[in-house]
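Trainee: I'm new to this one. Could you walk me through how to read it, feature by feature?

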Amino acid sequence: MRGSPLHQHPAADPAALPWATPAQAQAPTQAQTQTQAAAPPQAYRPGPVAPQPAPPPYVQPGGAATPTAVPSQLPSLDLRGAATRPAVDPQVARELKRQVAAELHQQITRLTATSGAEPDRATRRQRGRALIEEAVARWSDAYAQTHGIPPTREQDRALAEAVFDLLFRAGRLQPYLDDPEIENILINGCDDVWVSRVHQPLRQVPPVAESDAELVELLQDLARQHGGGERSLSTASPTLALRLEGGMRLQALTEVTPRPYVAIRRHRVASATLPEMVELGTLDSTLAAFLAAAIRARKNVMITGTQGVGKTSLLRAMAAEIPPDERIGTLESEFELWLHTLGHLRQVVPMEAREGNGERVEGRLAGELTIGDLIPAALRMTLSRIIVGEVRSGEVVPMLRVMTNGEGGSMCTLHARGPHMVVDRIAELCLEYGSHMTDSLAYRLTANALDLIVHVAMVDETAVGGRRHRFVSHVLEVAGLGESGRPALNTVFGPRVDLGEPRAVPHTPPQCLDDLRRAGFDAALLGSRYGGWAAPLQLRIGGGAR
């Protein structure tokens with residue numbers, strides 16, 4: 001390590017380092033402590049702040065003083081006791097990250113030259129962790145020489161974790177990503193950040209970067225870590241869509257917006273089965289049995305709903321009903337289903353779309369592979385079913401053709417605000433496929449391909465002190481073409497407004513009932529007007545009692 005950049009130019013005066021502490025923070029008085037303890041917690045609100053000297057990365061131990069967080073420090077979100085984690089100065093963490101990155105690059109270059117192959121991610125992280133520990137130890141020594149008392153082991157550990165997050169993970173975003181209670185992270189520039197937790201409204205939180213340029217740099221780092229093709233964020237490629245560790249999905253915009261905008265969505269239900277979805281209140285036992293039989297009977301199913309209602313979670317739960325030895329393929333823009341990792345299905349061919357590199361060739365981005373491009377290749381993989389994570393554009397046409405020509409049992413999701421809008425929504429996407437497509441052809445494709453439309457809805461009462469209720473509201477059977485040339489829809493399950501029940505309960509037996517009975521469904525379950533619900537959905541506004 002003596003030849004590394006971290007040792008070539010040691011600082012003669014540790015106090016001259018950019019993270020040097022000007023003075024020790026004052027301990028709060030007893031009266032201040034009592035006043036702060038009595039004050040209720042409030043959401044972060046940015047506002048004008050009087051100029052102050054740079055805060056220290058750590059407060060020196062001793063007396064009644066406790067570590068004081070810098071204004072840009074994220075609140076601790078680790079439920080395992082990180083509420084007492086010492087605060088870290090972002091400037092110190094960034095400086096150490098730059099030094100470690102330079103040394104790690106040299107080590108990786110030498111290792112690649114020796115072995116003839118680049119080391120894998122685990123090796124990079126292992127070597128990076130060792131370099132971080134050394135860099136933090138040197139910084140801690142310099143701090144001790146300047147102030148007479150070294151930082152505590154907990155403070156060193158917090159700094160090391162912050163540097164590791166900057167180098168290998170999501171930096172100051174990482175605590176939010178680690179919090180299982182957070183569903184959405186919305187960033188409108190580096191200092192305008194909002195999160196929504198389970199059954200809570202949006203709340204503004206501290207910044208995640210010191211500047212928009214630093215935020216863009218963080219997003220570019222995440223794109224390089226993605227490993228799923230040529231994904232980048234730049235003037236040439238102003239949009240970025242990728243998956244993060246843990247299955248979260250990120251969408252970012254820059255250049256075409258005044259500031260960088262980011263939306264991160266977490267799937268809180270990672271691997272639920274239909275019985276577990278019953279426990280969550282998404283559906284009742286009757287509908288769970290119906291959908292399980294539909295999968296076994298190889299019915300083609302489209303799951304619809306708006307953003308964030310749980311379409312992907314329900315699709316994943318329904319896929320758990322597929323016999324484990326069937327060979328299936330999944331096609332997604334970013335992996336979110338993770339059926340190839342959950343373990344139930346033994347033969348899954350996962351396919352992920354690839355973005356182009358910003359150069360256009362004959363109207364398309366060079367290197368781009370869309371879901372529609374992958375479908376023909378998927379058909380040659382001897383798959384019994386194809387599952388598309390989300391149909392967004394013209395790929396709906398090859399998807400419908402797969403459903404029409406295949407063995408059945410394929411599934412996909414589609415954004416639609418209401419169940420009876422789905423047919424027109426499909427037609428709109430079909431028209432994007434090419435000029436030869438017409439409404440009548442789109443309707444015929446839909447009628448021939450789909451068997452069931454399952455619509456998921458959400459009632460959000462967090463603004464009135466309630467919770468978010470996500471549930472299946474409709475199951476529609478596609479019963480061929482109707483007299484008007486549009487697909488005929490039968491409401492098999494739907495809400496009963498007269499009973500104050502917005503969730504799906506039995507309405508009309510489907511035409512395919514015999515197929516479902518052969519797959520083990522008990523038709524007598526459709527005889528109850530209330531399904532398997534013990535009582536109507538309890539809402540703060542609306543709803544009712546039996």
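Mentor: Let's start with a sheet: 6 strands form an open sheet in the order β3-β2-β1-β6-β5-β4, and the pairing is antiparallel. Strands here are DSSP runs of E with at least two residues, helices are runs of H or I with at least four, and both are numbered from the N terminus. Two strands pair if DSSP finds at least two bridges between them. This is a predicted model, where local features need pLDDT of at least 70, side-chain atom pairs count only at pLDDT 80 or more, and totals for chains, interfaces and linings use all residues. Residues are numbered from 1 along each chain as its sequence is written, and side-chain values use heavy atoms, with hydrogens and water left out.

Trainee: Which strands stand at the edges of that sheet?

Mentor: β3 (203-205) and β4 (239-243) do; each has a single partner strand, so one side of each is left without a neighbour in the sheet. From one strand to the next, the twist averages 15°. Angles run from 0 to 180 degrees between N-to-C directions, and axes are lines fitted to C-alpha atoms, for helices over the stretch in contact.

Trainee: How many bridges pair β1 with β6?

Mentor: β1 (residues 182-188) and β6 (residues 261-265) pair over 5 bridges, in the antiparallel sense. Look at Ile185: its bridge partner in β6 is Ile264.

Trainee: Now helices. What describes two packed helices?

Mentor: Two packed helices are described by the angle between their axes and the distance between the axes. Take α3 (residues 90-115) and α5: their axes come within 9 Å and cross at roughly 60°. That makes α3 oblique to α5; under 35 degrees counts as roughly parallel, over 145 as roughly antiparallel, 65 to 115 as roughly perpendicular, and the rest as oblique. The crossing is right-handed, meaning the near helix is turned clockwise from the far one by less than a right angle, while anticlockwise would be left-handed.

Trainee: Which residues of α3 and α5 meet?

Mentor: Among them are Val92, Leu96 and Val100 in α3, and Leu159, Val163 and Leu166 in α5. Contact means heavy atoms within 4.5 Å. The contact residues divide into 12 nonpolar, no polar and 2 charged. In that split, Ala, Val, Leu, Ile, Met, Phe, Trp, Tyr, Cys and Pro count as nonpolar, Asp, Glu, Lys and Arg as charged, and the others, Gly among them, as polar.

Trainee: And how do I read a salt bridge?

Mentor: Side chains of opposite charge can pair when their charged atoms come close. The cut-off is a side-chain nitrogen of Lys or Arg within 4 Å of a carboxyl oxygen of Asp or Glu. The structure holds 32 salt bridges. In one of them, Glu161 and Arg129 meet at 2.9 Å, N to O. Glu161 lies in α5 (residues 153-168) and Arg129 in α4 (residues 121-147), so the pair ties together parts that are 32 residues apart in sequence.

Trainee: What is the strand order in the sheet with 9 strands?

Mentor: That open sheet runs β9-β8-β12-β13-β7-β14-β15-β16-β17, with mixed pairing. Its edge strands are β9 (347-352) and β17 (501-506). Inside it, β12 (residues 385-391) and β13 (residues 411-415) run parallel, joined by 3 bridges. Helix α14 (residues 422-431) packs on this sheet, and its direction makes about 95° with that of β13.
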